[in-house]
Amino acid sequence: MRAAFLASVVVLVTGSGCYSSSLPSPILPFTDCARSRGKDGSYRGAIDVTESGSRCMNWTEVAGFKERYPSRGIGEHNHCRNPDGRIRPWCFFRNHKGRVDWGYCDCKQGSVRLQGGRSKLDGRVEVYLGGVWGSVCGNDWGKEDAAVVCRQLGEGVSGLARTVPLFRLQTAKLHWLAVHCQGEEPDLLQCPKTTWRGEECSLAAAVTCTQQRVVETLPIRLVGGRSQSEGRVEVFHAGQWGSICDDQWDDNEAEVVCRQLGLSGFARAWSQSHFGKGSGRVWLDDVRCSGNELTLEQCSKSAWGEHNCLHSEDAGVSCSPLTDGITRLVGGAGSHEGRLEIFFRGQWGTVCDDGWTESNTQVVCRELGYRLGETLLSEGLDMNPVPRFGLGSGPILLDDVSCTGKEPSLLLCNRGEWLRHDCTHHEDVNIACSSERSADSPPA
């Protein structure tokens, strides 16, 4: 949102005071807030405090703002959002002068940590609220509460509840006198609790988390790709295969899928039914992984069958064993000729012919295992000449490549940055190498 627009909406604010609540707002794990970045950010949690500790205003107090950003999560609430593509969720608030201001939200709000234990999975429970880490009194602390803490930490759902002496009560910060979880809540803020108001407390809540050793395997497969290492992700549930919606789908989820399938290499997420539309059920939505899980079963996700998607939003994955910089020639009569393509970050792309020389061609052919080669000019004399082996359809990955002819790989030549160019696919490099293989250079 431009500064000018912010100024204009501030003028339109009604005089009805700032929205507040006497109870802390339940929130999703703070990582959802931290990961909701950039133009595609879509945080939908309930954090309502800025980094400065100010309580957010209700969005509807800013006249016309909801209408300007429809379908962006703006409504009759004061929860942080990023409807305008800012780098992370934010909200309006009233500053000390009573004027409307805005600020980024405190994505650590509600997070937990373990202190003073024998390991990272053991210790006194501390919760981050209002910019301060504080303990929880051990009154009625039980296994259900410990299970929620361990789940929130991502260290498994099993946990041993303990209490430890709380020293220096006069200097220690306590947030809650008691917590009463059912054991299924995703984080402590969604559990019923009692605020500490100076009551006597000699024992603090502590926990020892146990990492899961038995991993429940969720059957998955890749369908519709050109190889067994790519395709639409399908999961098996209730006797039938179904797809996954691409909401929140990114490379972290792809990493887990590839690991579960035993496929190594570069993991990349694909959205918008890149590998074709499924025809069965859409089984899962809002799958969120850290990238370190062993299976999708360990990731946060919607309930089975609950979604707001069509098959045009089916999620896909490619688990490429290739490394960045590998080259190939496509579209010709054989692997010795064609449009030059190079592999980068999970996908193939073309190379622009700006400044391309025969020395560059010799490097490519030698890298592919051929002795010699020549550059083939595009056909046609109009403004959009057609490359000999057709137009590429992927990204243009490199431009302004300059080799001496002695380099063993195109990546060792002088070149521009990846994806930075001023070209179209009408300028794709086309090469024909001699079909005679080099005796001292096996094919890549």
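Let's start with how this chain is put together: among its contacts with a separation of 6 or more, 66% are between residues 24 or more positions apart. Keep in mind that what you're looking at is a predicted model.

**The overall picture**

The protein chain has 444 residues, and 46% of them are buried. Its secondary structure consists of six helices and 21 strands. On the outside, the accessible surface adds up to about 22300 Å², with carbon and sulfur atoms supplying 49% of that.

**Two nonpolar cores**

In soluble globular proteins, nonpolar side chains tend to be buried together. In this model, the largest nonpolar core holds 22 residues, and the ones with the most contacts inside it are Ile-244, Trp-249, Val-257, Val-287, Leu-296 and Val-317. Several elements give two or more residues to this core: β10 (220-224), β11 (230-237), α5 (251-260), β13 (266-270), β14 (281-284) and β15 (316-320). Helix α5 makes the largest contribution, with four residues.

Try zooming in on Leu-296. If you skip its neighbours within four places in sequence, Leu-296 is in contact with Leu-218, Ile-220, Ile-244, Glu-253, Val-256, Val-257, Gln-260, Val-287, Cys-289 and Lys-301. There is also a second, separate core, this one with 21 residues, including Val-136, Val-149, Val-207 and Cys-209.

**A helix tucked inside**

Now look at helix α4 (residues 143-152). Seven of its 10 residues are buried, so the rest of the structure largely encloses this helix. The buried ones in α4 are Asp-145, Ala-146, Ala-147, Val-148, Val-149, Cys-150 and Gln-152. You've already met one of them, since Val-149 is also part of the second core. After α4 comes Gly-154, which has a positive phi, near 75°.

**Salt bridges**

Side chains of opposite charge can pair when their charged atoms come close. How many salt bridges does a search of the whole structure find? It turns up 13. Here are some of them:

| Salt bridge | N to O distance |
|---|---|
| Arg-113 and Glu-126 | 2.8 Å |
| Arg-259 and Glu-255 | 3.7 Å |
| Glu-417 and Arg-420 | 3.7 Å |

Take Arg-113 and Glu-126, whose closest N and O atoms are 2.8 Å apart. This pair ties together distant parts of the chain, with Arg-113 in strand β3 (residues 112-116) and Glu-126 in strand β4 (residues 122-129), 13 residues apart. Arg-113 counts as partly exposed because its relative accessibility is 28%. Glu-126, on the other hand, has a relative accessible area of 8%, so it is buried.

Arg-259 and Glu-255 have another arrangement. Both sit in helix α5, and because they are four residues apart there, about one helical turn separates them. Arg-259 has 33% relative accessibility, so this residue counts as partly exposed. Glu-255 is partly exposed too, at 34%. As for the salt bridge between Glu-417 and Arg-420, both residues are exposed. Finally, salt bridges with shared partners connect Arg-113, Arg-124 and Glu-126 into one network.

**A strand with two partners**

Which strands pair with β21? One is β17 (residues 337-344), which pairs with β21 in the antiparallel sense over three bridges. Another is β19 (residues 373-375), which also runs antiparallel to β21 and is joined to it by three bridges. Ala-432 is a handy landmark here: Glu-337 stands opposite Ala-432, and so does Glu-374.

What about the directions in which the residues of β21 (residues 430-433) point? Asn-430 and Ala-432 point one way, while Ile-431 and Cys-433 point the other way. All four of these residues are buried.

**A buried asparagine in a loop**

Our last stop is Asn-58, which lies in the loop between α2 (30-35) and α3 (65-68). Is Asn-58 buried or exposed? Its relative accessibility is 5%, so Asn-58 counts as buried.

What does the side chain of Asn-58 reach? It makes a polar contact of 3.1 Å with the side chain of Glu-76. The Asn-58 side chain also reaches the backbone nitrogen of His-77, at 3.3 Å. Farther along the chain is Phe-93: Asn-58 and Phe-93 are 35 residues apart in sequence, and their C-alpha atoms are separated by 8.6 Å.

Key:
Residues numbered from 1 in each chain as written. Predicted model: local features only at pLDDT ≥ 70, side-chain atom pairs only at ≥ 80, totals over all residues. Heavy atoms only, no water. Buried < 20%, exposed > 50% of the residue type's maximum accessible area, 1.4 Å probe, protein only. Polar contact = N/O pair within 3.5 Å; in protein donor to acceptor, adjacent residues only side chain to side chain. Contact = heavy atoms within 4.5 Å. Areas by Shrake-Rupley, 256 points an atom, 1.4 Å probe, with all protein chains shown as cover. Core = buried A, V, L, I, M, F, W, Y, C linked by side-chain atoms within 4.5 Å. Salt bridge = Lys/Arg side-chain N within 4 Å of Asp/Glu carboxyl O. Pairing = 2+ DSSP bridges.
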